[in-house]
Amino acid sequence: MKKRNIVIGSIATLGLVASISALLIYSQHNLDENVNLSAPTSKTPSSTSTVTSGTSQSTSTSTPTSSTTSSSSSGMKNGSFTGASENSGFQTISVTVNIKNGVLSSISVNELATDGSGTSAAIVSQAQPMLINEAISTDSGYISAVSGATYFSNAFITSLQDALNKASA
Amino acid sequence: MIRKIQTMSMELIIESFPELSESVIDDINNLLTLIDDTFNNYNSNSYISKLNLKKKTIDDSPKVFKYVKELADEYRKKTNGYFEYEFNGFLNFNGIVKAYAISKIKDILLTNNINNFLINFGGDIKTHGIDLKVNNNWVVGIKNPYTKNDILKRIKLYKNYSISTSGSYERGYHILNPILKKSATYFDSVTVVSESIIDSDVFATALYAMEDNAYTYILEKNILALFIKNNKIYFNSNLQKLCNQ
């Protein structure tokens, strides 16, 4: 089995994404699990400019408040930090990080899109019963690959980086 | 047999029989560079960035841009506006570009007489032929949206099927219901199986955005879909036939 990595496109952007992708994957899965996640500053890219420069759809609309208590050996200040609002082109989000004892303890996405309403109970009651339904259960048989929602939002990454920069400032 | 290419902030994995030659990889890299230069909203030098900043006009658009935009217009119409690429005057084709790339890579492989392959680009998958490791159909697992690594269903992909999943679990609520102008939150994930990778990718996103309207849509359009919501799975009987028992 031969594996090979080929890098094209914006090296700087990909480098940034690669350096924090593992952090994001782990963090995203653990948002609701209250798992402490170490985020040493050496893994934190020094600038967001490679992601945000020229990004016409990224609009910093606010700088939400942050609270700090004390610095730690990791260089991250304790407290809650919210990155600038970023528009991905389809919605606006901001990312809040919580730092405890100099360690990144949680990440949350704040959704800033306008709200609406409109579920149609009548339609659901007609169509849903026509589908097979079953409780979820794990299948451990042979697979060639996995299909899942694995696409990263650059708006998410940009706002996260902004929040981490504030924690490290 | 497995090649990994980092591009467009994602990993492209191609498993093929026979293995990809250097010239095929060059062709794929040239394609990806063209797509990145045209559609990357996060690259200030891309055509779309310049277009959104009014530094370019639609008349300056490269051929690939015109083609993808026409394709996106078709799907916007097909999905009654639930597939959208324009928001607040800005264009963003991320909802279809990945599938377009996979479709073109498939063409490159077939032109080079590579007939058994699986292309996995950020969780969107196109298969062709069979998995020669096991001398059987390609089998793709659908990820459990509630856990890290579990597989909920295995789908046997004959007829060169494609499979795509849209969900909120990897990056928070990220798919907009363009009709209601709010984030779609009804489903935990939506998977679509189709012979066309563009169909499966665009419909997975559009069905997620449709929220509860998606049930009638798949029945009307005969789309093979699997919805996960509140720890339950809903799917058409036609899709059941593809599930490994």
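Reader: How many helices and strands are there in chain A?
Author: In this predicted model, chain A has four helices and eight strands. Going along the sequence, they follow the pattern β-α-α-β-β-β-β-β-α-β-β-α.

Reader: How much of chain A counts as buried?
Author: Of its 169 residues, 44% do. As for the outside, chain A exposes about 8000 Å², and carbon and sulfur atoms supply 52% of that.

Reader: Why does B:Ser194 count as buried?
Author: Buried means under 20% relative accessible area. B:Ser194 comes in at 12%, so it counts as buried. You'll find B:Ser194 in strand E12 of chain B, residues 189–194.

Reader: What makes the link between B:Ser194 and B:Ser196 a polar contact?
Author: The cut-off for such a pair of N or O atoms is 3.5 Å. A polar atom of the B:Ser194 side chain lies 3.1 Å from the backbone nitrogen of B:Ser196, so the distance is within that cut-off. Leaving aside residues up to four places away in sequence, B:Ser194 also touches B:Tyr161, B:Ser162, B:Asp199 and B:Ser200.

Reader: Why do strands E8 of chain A and E8 of chain B stand at the edges of their sheet?
Author: The open sheet runs in the order E8(A)-E7(B)-E8(B), with mixed pairing. E8 (145–147) of chain A and E8 (151–157) of chain B each have a single partner strand, so one side of each has no neighbour in the sheet. On average, neighbouring strands here are turned by 35 degrees against each other, direction ignored.

Reader: How do you know that E7 and E8 of chain B pair?
Author: Pairing takes at least two bridges. E7 (residues 138–143) and E8 of chain B have six, in the antiparallel sense, so they pair. Within this pairing, B:Trp138 stands opposite B:Leu157.

Notes:
Residues numbered from 1 in each chain as written. Chains lettered and ligands numbered in written order. Predicted model: local features only at pLDDT ≥ 70, side-chain atom pairs only at ≥ 80, totals over all residues. Heavy atoms only, no water. Helix = DSSP H or I, 4+ residues; strand = E, 2+ residues; numbered from the N terminus. Buried < 20%, exposed > 50% of the residue type's maximum accessible area, 1.4 Å probe, protein only. Polar contact = N/O pair within 3.5 Å; in protein donor to acceptor, adjacent residues only side chain to side chain. Contact = heavy atoms within 4.5 Å. Areas by Shrake-Rupley, 256 points an atom, 1.4 Å probe, with all protein chains shown as cover. Axes fitted to C-alpha atoms, helices over the stretch in contact; angles between N-to-C directions.
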